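Below are my notes on the model you sent, set out as numbered points. Please read them alongside the coordinates.

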Amino acid sequence: MSEALATLVIGNKNYSSWSLRPWLLMREFGIAFREEQLALDTPGFAERIGTLSPTRRVPALHDGGLVVWDSLAICEYVNDRWLHGRGWPERVDSRALARSAAAEMHSGFAALRSQLPMNSRRTPDSYRWDAAAQADIDRVQQLWCELRKRHADEGEFLCGRFGIVDAMFAPVVIRFDGYGVQSDETCMQYMQAINALPGMREWRDAATREPEVIEGSEKRG
Ligand SMILES: N[C@@H](CCC(=O)N[C@@H](CS)C(=O)NCC(=O)O)C(=O)O
C-alpha cells in the first residue's frame, strides 16, 4: 500500500512569509505533498486552525499521525525525513554558517518584518522605512555578500547549492523586490537566482492571483 502524502498547512501565498519557507524547500527538492491553504484573518482560518496547528499559526506539517509546527522545525524535519541531510551544506564549516544565518533570520530582523511585510503583488513606490529597518536590511545584505563570496565557486546560492538557508531568506527577496530596496551586484545576482527557482515562480504566480486583501499589509506605502 502506498504511503499517504504529507500535508503542509499554509496561509495566503501573497502574505505568509513563514509558509513560503518549508513549501519552497519541499518543492525544490521534489517532495510530493498536499497543501491545505487557509486564508489569514478570516473566520474560516479561525474555525480550522485549532485542529491543524497547536500554535494556531501556519505553517504546520502533517505526516502520518505527526504534526510539526514552526517553519524552521518543519525544514529540519523535511531534511531528516526525505533529504538525508541534503538540506544543509555538506562541509561542516558551511553547515555551521548556514545554520547560523537561518537561525538569525528565524529569530531576528523584527523591524524589517514589521515595516516591510511580504506582499508579492507590491511594486516599489515612495514608501520609506526607518533606521531600524534599514539596519536590518544592511545586515541581511552583509550576510548574503559574505556567504556568496565564500561559496562563489560552489553554486549560485548562499552556501553553493539551494538549501534550507535559502528557503529561510526567500521571503526577504520578495520584500526587497516589492519595496525597491537598493542592492549591490552580488545581492542582485542572488535575488535573481532565488526568483528563477521553479518553485519560487510557482508561488509568486499563485500569490498574484489570490483575491484576498489584508488591509494592514496593503496599506503600507
Ligand atoms: N515562528 C513561526 C511563525 C508563524 C506565524 O507567525 N505565522 C503567521 C502567518 S505568516 C500566522 O499563522 N498568523 C496567524 C495568526 O497569528 O492568527 C514559524 O516560523 O512558523
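**Notes on the predicted model**

1. In this predicted model, I begin with helix α3, which spans residues 71-83 and whose buried residues are Ser-71, Leu-72, Ile-74, Cys-75, Tyr-77, Val-78, Asn-79 and Leu-83. These buried residues pack against three strands and three helices, namely β1 (6-10), β3 (60-63) and β4 (66-69), together with α1 (17-28), α4 (92-107) and α7 (164-179).

2. Both ends of α3 deserve a remark. At the N-terminal end, Asp-70 acts as a cap, with a side-chain oxygen placed 3.1 Å from the backbone nitrogen of Leu-72, while just after the helix His-84 adopts a positive phi of about 50 degrees.

3. Two of the strands that α3 packs against, β3 and β4, pair with each other in the antiparallel sense over four bridges, and within this pairing His-62 stands opposite Val-67 in β4. The two strands form a hairpin with two residues between them, and Gly-64 in the turn has a positive phi of about 60 degrees. Gly-65 also lies in the loop between β3 and β4, and this glycine counts as exposed because its relative accessibility is 83%. From Gly-65 to Gln-189 the C-alpha distance is 41 Å, across a sequence separation of 124 residues.

4. The domain assignment divides the chain into domain 1 (6-86) and domain 2 (92-205), and the centres of the two, taken over C-alpha atoms, are separated by 20 Å. The contact between them draws 24 residues from domain 1 and 24 residues from domain 2.

5. Where does the largest nonpolar core lie with respect to the two domains? This core has 62 residues, and those with the most contacts inside it are Leu-25, Leu-61, Trp-144, Phe-169 and Phe-176; its largest share, eleven residues, comes from α7. Domain 1 and domain 2 both give residues to the core, so it lies between them. A second, separate core has seven residues, including Ile-49, Leu-52, Val-58 and Ala-60.

6. Phe-169 gives a local view of the largest core, in which it is among the residues with the most contacts. Leaving aside neighbours within four places in sequence, Phe-169 is in contact with Ala-101, Met-105, Phe-109, Val-140, Leu-143, Trp-144, Leu-158 and Tyr-190.

7. Trp-203 is placed in helix α9, residues 198-209, and it counts as buried because its relative accessibility is 0%. Beyond its neighbours within four places in sequence, Trp-203 is in contact with Ile-10, Asn-12, Lys-13, Ser-16, Ser-19, Leu-20, Trp-23, Met-118 and Ile-174. The C-alpha atoms of Trp-203 and Pro-89, by contrast, are separated by 24 Å, the two residues being 114 places apart along the chain.

8. How many disulfides does a search of the whole structure find? The search returns zero. Cys-145 is in no disulfide, and the nearest cysteine sulfur, that of Cys-187, is 3.9 Å away, whereas the cut-off for a disulfide is 2.5 Å between the sulfur atoms. Cys-145 is buried, with a relative accessible area of 11%. Cys-159 likewise takes part in no disulfide, its nearest cysteine sulfur being that of Cys-145 at 14 Å, and Cys-159 counts as buried at 7% relative accessibility.

Notes. Residues numbered from 1 in each chain as written. Predicted model: local features only at pLDDT ≥ 70, side-chain atom pairs only at ≥ 80, totals over all residues. Heavy atoms only, no water. Buried < 20%, exposed > 50% of the residue type's maximum accessible area, 1.4 Å probe, protein only. Contact = heavy atoms within 4.5 Å. Polar contact = N/O pair within 3.5 Å; in protein donor to acceptor, adjacent residues only side chain to side chain. Pairing = 2+ DSSP bridges. Core = buried A, V, L, I, M, F, W, Y, C linked by side-chain atoms within 4.5 Å. Domains from an automatic or database assignment.
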